[in-house]
Amino acid sequence: MVTINGIQNDAGGETLLEYLTRAGYDPEQVAVEQNEKIVPKSQYDQTIFADGDVIEVVSFVGGG
């Protein structure tokens, strides 16, 4: 199991890009942390979730 934004998910073996797409996120509009380390956008398609990973996905919101 992978914890994503505090919720347990059966996403082990899935790439970060696959998860973001499936969950409806725009990969260009989020920042992602895997086990307290920021994942560069260039590595989203190479970053594979493993059991026990803790992932935080943060969306950017415009305002003014």
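Is Glu36 buried or exposed? Glu36 is exposed, with a relative accessible area of 72%; exposed means over 50%, buried under 20% and partly exposed in between, with a 1.4 Å probe and protein chains only. I will come back to that residue after the overall fold.

First, the conditions. This is a predicted model, in which local features need pLDDT of at least 70 and side-chain atom pairs count only at pLDDT 80 or more, while totals for chains, interfaces and linings use all residues. Residues are numbered from 1 along each chain as its sequence is written, and side-chain values use heavy atoms, with hydrogens and water left out.

Now the fold. The protein has one helix and five strands, and along the sequence they follow the pattern β-β-α-β-β-β. The radius of gyration is 11 Å, close to the 11 Å that the globule rule gives for 64 residues, so the protein is as compact as a globular protein of that length. That radius is taken over C-alpha atoms, and the rule is 2.2 Å times the number of residues to the power 0.38. Helices here are DSSP runs of H or I with at least four residues, strands are runs of E with at least two, and both are numbered from the N terminus. The C-alpha trace spans about 40 × 25 × 20 Å along its principal axes.

Some totals. Of the 64 residues, 33% are buried. The protein exposes about 4100 Å², and carbon and sulfur atoms supply 51% of that area; the areas come from the Shrake-Rupley method with a 1.4 Å probe, and for residues only the protein chains shown count as cover. Among contacts with a separation of 6 or more, 56% are between residues 24 or more positions apart, where contact means heavy atoms within 4.5 Å.

Next, the sheet. The five strands form an open sheet in the order β2-β1-β5-β3-β4, with mixed pairing. At the edges stand β2 (7–9) and β4, each with a single partner strand, so one side of each is left without a neighbour in the sheet. Two strands pair if DSSP finds at least two bridges between them. Strand β1, residues 2–4, pairs with β2 in the antiparallel sense over three bridges, and Val2 stands opposite Asn9 in β2. Strand β3 pairs with β5, also antiparallel, over five bridges; there Glu33 stands opposite Glu56.

On its other side, β3 is joined to β4 by two bridges, and the two strands run antiparallel. Gln34 stands opposite Lys37 in β4. These two strands form a hairpin with two residues between them. Which residues sit in that loop, between β3 (30–34) and β4 (37–38)? One is Asn35, and Glu36 has its place there too. Asn35 has a phi near 50 degrees, a positive value in a residue other than glycine, and Glu36 likewise has a positive phi, near 70 degrees. Asn35 is partly exposed, at 37% relative accessible area.

Now the inside. The largest nonpolar core has 13 residues, and those with the most contacts inside it are Ile4, Leu20, Val32, Phe49 and Val57. Such a core is a set of buried Ala, Val, Leu, Ile, Met, Phe, Trp, Tyr and Cys residues joined through side-chain atoms within 4.5 Å. At least two core residues each come from β1, α1 (16–22), β3 and β5 (54–59), and the largest share, three residues, comes from α1. In general, nonpolar side chains in soluble globular proteins tend to be buried together.

Take Val32 in strand β3. Val32 is buried, with a relative accessible area of 2%, and lies on the covered face of β3 with Val30 and Gln34, while Ala31 and Glu33 make up the uncovered one. Leaving out residues up to four places away in sequence, Val32 touches Leu16, Leu20, Ile55 and Val57, among others. With neighbours within four places left aside, the contacts of Ile4 include Tyr19, Phe49 and Val57.

Last, the rings. Tyr19, Tyr25 and Phe49 are linked by ring pairs into a cluster, and the count of aromatic pairs comes to two. Tyr19 and Tyr25 form a tilted pair, 6.4 Å centre to centre with 40 degrees between the planes. For reference, rings of Phe, Tyr and Trp (its six-membered ring) pair if their centres lie within 6.5 Å; planes under 30 degrees apart count as stacked, over 60 as edge-to-face and the rest as tilted. Tyr19 is buried at 8% relative accessible area, whereas Tyr25 counts as partly exposed at 24%.
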